[in-house]
Amino acid sequence: MEAPIIWFVIPCYNEEQVLPETSGLFEEHLCSLIKEGLVSSKSRICFVNDGSSDDTWDIISELAKEPLFEGISLSRNQGHQNALLAGLMEAKNHCDAAISIDCDGQDDILASRSMILSFRDGAEIVYGVRSNRDTDTRFKKMTAEAFYKLLSSLGVDVVFNHADYRLMSKKALIALSQFKEVNLFLRGLVPLIGLSSDTVEYERAPRMAGESHYPLKKMLSLAIDGITSLSTKPLHLISMTGIIASALGIIGIIWSIATALTGHSVAGWSSVICAICLLGGLQLLCLGVIGEYIGKIYLEVKERPRYLIAERTYHE
């Protein structure tokens, strides 16, 4: 079998501190794969600058003077998922398979060798799955596991403990390009492609330098995007909540009428306030969930481009 052309796609946002360190690791690993004959010498490392405000693009442009590196720069910050998609769509025109990996050095680059072997054996998609979460705080570990379980319970097909470290064949990339939604949650979209897949386990290391660009706020936003983009079960739950609340309301009406007719009615300020607060809170919660879906519809119908590429370090 002829050695496949592999592109490593690496989104970057304000990574001037870590990029000089990890770029050398990526280059060393790719060189070893080429020397071993597992991948073609036409394989590349493609950095995607997601509208960074620091010197990230300057570093990428300098790296791209070396033959193994390429770079594209988005016109503005579009978020990790859109930057990753931009890189994958760029790669599909040049490669036999693309491997997406973060820039911070936490995902074990050596695991990509096993991904490539699995691809050569026929897998169209290979998921990188964390073997443990020992490097996470207790809070992050609990919330992450709860998130995956919640997605599964809502009918979203996700690979447990998989983020965005994966290999996708050219066939899988072409299939992914047919998904046109603006609200991206790639770890939920990729399994929908349905092609043959495999998993590779690896251990995640601490970040090599700099600070994480995924604080709690962004993680919550990603979780909401994942749920509302791929499942309508929250809307069904709202319907069921409404039915239960209505039934309880009818029971309450019957009870209040019966109490009044028997002459046992007593002014109950506390019970009225509790009922109002409870129902008011439920109504606001339900309206908020419905609003999330309406907001998604609003963004989708505009059909705005998910990203615009401002610069490339090469000519197509």
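The exercises below, each with a worked solution, look at parts of a predicted model.

**Exercise 1. The protein as a whole**

Find how many helices and strands the protein has, and what share of its residues is buried.

Solution. Begin with the secondary structure, which comes to ten helices and eight strands. Turn next to accessibility, where buried residues make up 42% of the 316 residues in the protein. As a last step, consider the contacts with a separation of 6 or more, of which 83% are accounted for by residues 24 or more positions apart.

**Exercise 2. The surroundings of S23**

Decide whether S23 is buried or exposed, and list its contacts beyond the neighbours within four places in sequence.

Solution. First locate the residue: S23 belongs to helix α1, which covers residues 19-36. Its relative accessibility is 4%, and because buried means under 20%, S23 counts as buried. Then follow its side chain, which has a polar atom 3.4 Å from the backbone oxygen of P20. Finally, with the neighbours within four places in sequence left aside, the residues in contact with S23 are F47, L63 and F69.

**Exercise 3. How α1 meets α4**

Describe how the axes of α1 and α4 cross, and name the residues that make the contact.

Solution. Two packed helices are described by the angle between their axes and the distance between the axes. Here the axes of α1 and of α4, the helix of residues 111-120, come within 11 Å and cross at roughly 40°. This angle makes α1 oblique to α4, and the crossing of the two helices is right-handed. On the side of α1 the contact is made by H29, L33 and E36, while α4 contributes S112, R113 and I116. Sorted by class, these residues are two nonpolar, two polar and two charged.

**Exercise 4. A loop residue before α4**

Work out where D104 lies and which backbone nitrogen its side chain reaches.

Solution. D104 is placed in the loop between β4, residues 97-100, and α4. With a relative accessible area of 7%, D104 is buried. From this position, the side chain of D104 reaches the backbone nitrogen of Q106 at 3.0 Å.

**Exercise 5. The cover of α7**

Establish how many residues of α7 are buried, and what the sign of phi is at the residue that follows this helix.

Solution. Helix α7 spans residues 186-193 and is mostly covered, with seven of its eight residues buried. The buried residues of α7 are L186, R187, G188, L189, V190, P191 and I193. After the helix comes G194, whose phi is positive, near 85°.

Definitions and conventions: Residues are numbered from 1 along each chain as its sequence is written. This is a predicted model: local features need pLDDT of at least 70, side-chain atom pairs count only at pLDDT 80 or more; totals for chains, interfaces and linings use all residues. Side-chain values use heavy atoms; hydrogens and water are left out. Helices (H or I, at least four residues) and strands (E, at least two) are DSSP runs, numbered from the N terminus. Buried means under 20% relative accessible area, exposed over 50%, partly exposed in between (1.4 Å probe, protein chains only). A polar contact is a pair of N or O atoms within 3.5 Å; within protein, one must be able to donate a hydrogen and the other to accept it, and residues adjacent in sequence count only if both atoms are side-chain atoms. Contact means heavy atoms within 4.5 Å. Axes are lines fitted to C-alpha atoms, for helices over the stretch in contact, and angles run from 0 to 180 degrees between N-to-C directions. Angles under 35 degrees count as roughly parallel, over 145 as roughly antiparallel, 65 to 115 as roughly perpendicular and the rest as oblique. A crossing is left-handed if the near helix is turned anticlockwise from the far one by less than a right angle, and right-handed if clockwise. Ala, Val, Leu, Ile, Met, Phe, Trp, Tyr, Cys and Pro count as nonpolar, Asp, Glu, Lys and Arg as charged, and the others, Gly among them, as polar.
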